[in-house]
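Colleague: I have this model open on my screen and would love a guided look at one part of the chain. Could you take me through the helices in the middle and what lies around them?

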Amino acid sequence: GSTIGILGGGQLGRMMAMSAAQLGYRTIGYAPEGDNVSHSVNDEFISAGWDDETALAAFAERCDVVTWEFENVPVDTARAIPQAKIFPDPLALETAQDRLNEKRFIEGLGGRPAAYAKCDSGYDLESAVDRLGAPGILKTRRDGYDGKGQWRIMSVHEASALKFPDAPCVYEGFVEFDAEFSVILVRSQEGEIRFWDSTRNVHEGGILSASHYPATKEIDAQVAEARELARKVADALKYVGVLTLEFFATHGGPVFNEMAPRVHNSGHWTIEGAATSQFENHIRAVAGLPLGDTRTTAARVEMRNILGSDIEEAHRHLSDSRAHLHDYGKAEAKEGRKMGHLTLVSRDTRG
Ligand code: ATP
Ligand code: MG
Ligand code: MG
């Protein structure tokens, strides 16, 4: 059988590895030491630094293809893998790792992000708030996730009182949205694209808390335009694998929030709610297999994230015939940390 290398050791890699195993592939995980949770599912796991050239070369040598589950894998690390072996192209990482780059790229394709301004100092921030207004959100350009590296700014006064972060940032005008949704697609090595249905995503404190299918009429009406942009992104990056774009549904149509060049938390519902999950189709795409059917197979699906210390408590849902529990096996529960998720699937309209 062939071997698939996965850069990153989190729950996304773990679920990817489970799909790979089902399809008969071996997986080798690679990530720096830390709280990795894919090693119990990977056939092998290499703990080494992102800049460990010797370890990376040995890893690449032993894999037939390499992919990633973590969007902050350094671009140099991804480029150290022979180009013919790594999917998606590391260009996707390079484009998405910097929020400023990402927004410019999206605008270049005709997409519409929230109003934004580059900010490298408190002075820049004050003039950005002056120009774009408040409320708004200051975000570090790099390394943010789950709402980390973000500051809500309610007024010019707050902008001048803030101790400016020690990193390049962007200021974004606050989008008055009706709802949030994501577009998740898979693109094959031949350039075929398939989309999953879009769910309504609910965030609390900057962290995804739930996704709901069906979404809403308002969202459904904006999915076509959002997909058109996602398709352009995927084609422009010659993307292979699963790609996610997050949107705000507004009165004026879909506003782009951010993209993730990987499988996504808002697609976890596809494991039980779609004919082929995002994880299986990602593996199929990077391995050069035909793509699987992405259609939704349930009348209603709800995915709830289990954050912090609630994983034991979630076991009580197992007596619900609709429930599927996923425990990522994380040793240490921290507040706001994604410990697992629960998917409630109603197979018929009575659910
Ligand atoms: P992740 O990568 O885990 O999705 P992140 O840290 O990159 O999260 P964002 O997606 O930028 O964070 O923001 C998190 C959430 O904060 C959004 O889903 C949305 O609910 C809210 N938010 C972010 N930016 C804006 C904005 N410009 N206007 C309104 N709400 C926003
Ligand atoms: Mg993000
Ligand atoms: Mg986000």
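Modeller: Happy to; here is a walk along that stretch, starting from the whole chain and ending at the ligand.

Please keep in mind that this is a predicted model. The protein chain falls into domain 1 (3–86), domain 2 (115–173) and domain 3 (179–346). The C-alpha centres of domain 1 and domain 2 are 34 Å apart. In secondary structure, the protein chain has 11 helices and 17 strands. Its C-alpha trace spans about 60 × 55 × 40 Å along the principal axes. The radius of gyration is 20 Å, which agrees with the value near 20 Å for a compact globule of 351 residues. Of those 351 residues, 43% count as buried. Among contacts between residues at least 6 apart in sequence, 63% join residues at least 24 apart.

Let us come in through the loop between helix H3 (75–79) and H4, where proline 88 lies. The peptide bond from phenylalanine 87 to proline 88 is cis, with omega near -5°. That is worth a pause, because most peptide bonds are trans.

Next comes helix H4 (residues 91–96), which holds threonine 95. Is threonine 95 buried or exposed? Threonine 95 has 20 other C-beta atoms within 10 Å, so it counts as buried. Leaving aside residues up to four places away in sequence, threonine 95 touches Asn101, Glu102, Phe105 and Leu237. For a sense of scale, the C-alpha atoms of threonine 95 and serine 266 are separated by 21 Å, with their positions 171 residues apart along the chain.

Helix H5 (residues 99–108) is the part I would look at with most care, and its buried residues are Arg99, Glu102, Lys103 and Ile106. Viewed down the axis of H5, these buried residues fall within an arc of 95°, so they line one face of the helix. The general background is that an α-helix has 3.6 residues a turn, so residues three or four places apart point the same way. What does that buried face of H5 pack against? Its partners are H4, strand E5 (116–119), strand E6 (136–140), strand E8 (169–173) and strand E14 (253–260). Glu102, one of the buried residues of H5, is also among the residues that threonine 95 touches. Just after H5, glycine 110 takes a positive phi of about 90°.

Moving on, helix H6 (residues 122–132) has Leu125, Ala128 and Val129 as its buried residues. They cover an arc of only 95° around the axis, which puts them on the same side of H6. On the other side of H6, Tyr123, Asp130 and Arg131 are exposed. The buried residues of H6 pack against E5, E6, strand E7 (150–153), helix H7 (156–161) and E8. If you put the two helices side by side, E5, E6 and E8 appear in the packing of H5 and also in that of H6. H6, too, is followed by a glycine with positive phi: glycine 133, at about 85°.

The loop between E6 and E7 deserves a look as well, and aspartate 143 is found there. Phi of aspartate 143 is near 70°, a positive value in a residue other than glycine. With 12 C-beta neighbours inside 10 Å, aspartate 143 counts as exposed. Aspartate 146 lies in the loop between E6 and E7 too, and has a positive phi of about 50° although it is not a glycine. Aspartate 146 is partly exposed, with 16 other C-beta atoms within 10 Å. For context, most residues other than glycine have a negative phi.

Finally, the ligand. Ligand 1 is surrounded by 16 residues, and the closest are Ala114, Tyr145, Glu172, Val175 and His203. By class, this shell has 5 nonpolar, 5 polar and 6 charged residues. Which domains supply the shell with at least three residues each? They are domain 2 (115–173) and domain 3 (179–346). Val175, one of the closest residues to ligand 1, is also touched by threonine 250. Threonine 250 sits in strand E13 (residues 241–250) and, with 17 C-beta neighbours inside 10 Å, counts as partly exposed.

Notes. Residues numbered from 1 in each chain as written. Chains lettered and ligands numbered in written order. Predicted model: local features only at pLDDT ≥ 70, side-chain atom pairs only at ≥ 80, totals over all residues. Near = placed C-beta within 6 Å. Nonpolar A, V, L, I, M, F, W, Y, C, P; charged D, E, K, R; others polar. Domains from an automatic or database assignment. Helix = DSSP H or I, 4+ residues; strand = E, 2+ residues; numbered from the N terminus. Contact = placed C-beta atoms within 7 Å. Rg over C-alpha atoms; globule rule 2.2 N^0.38 Å. Arc of directions from axis to C-beta.
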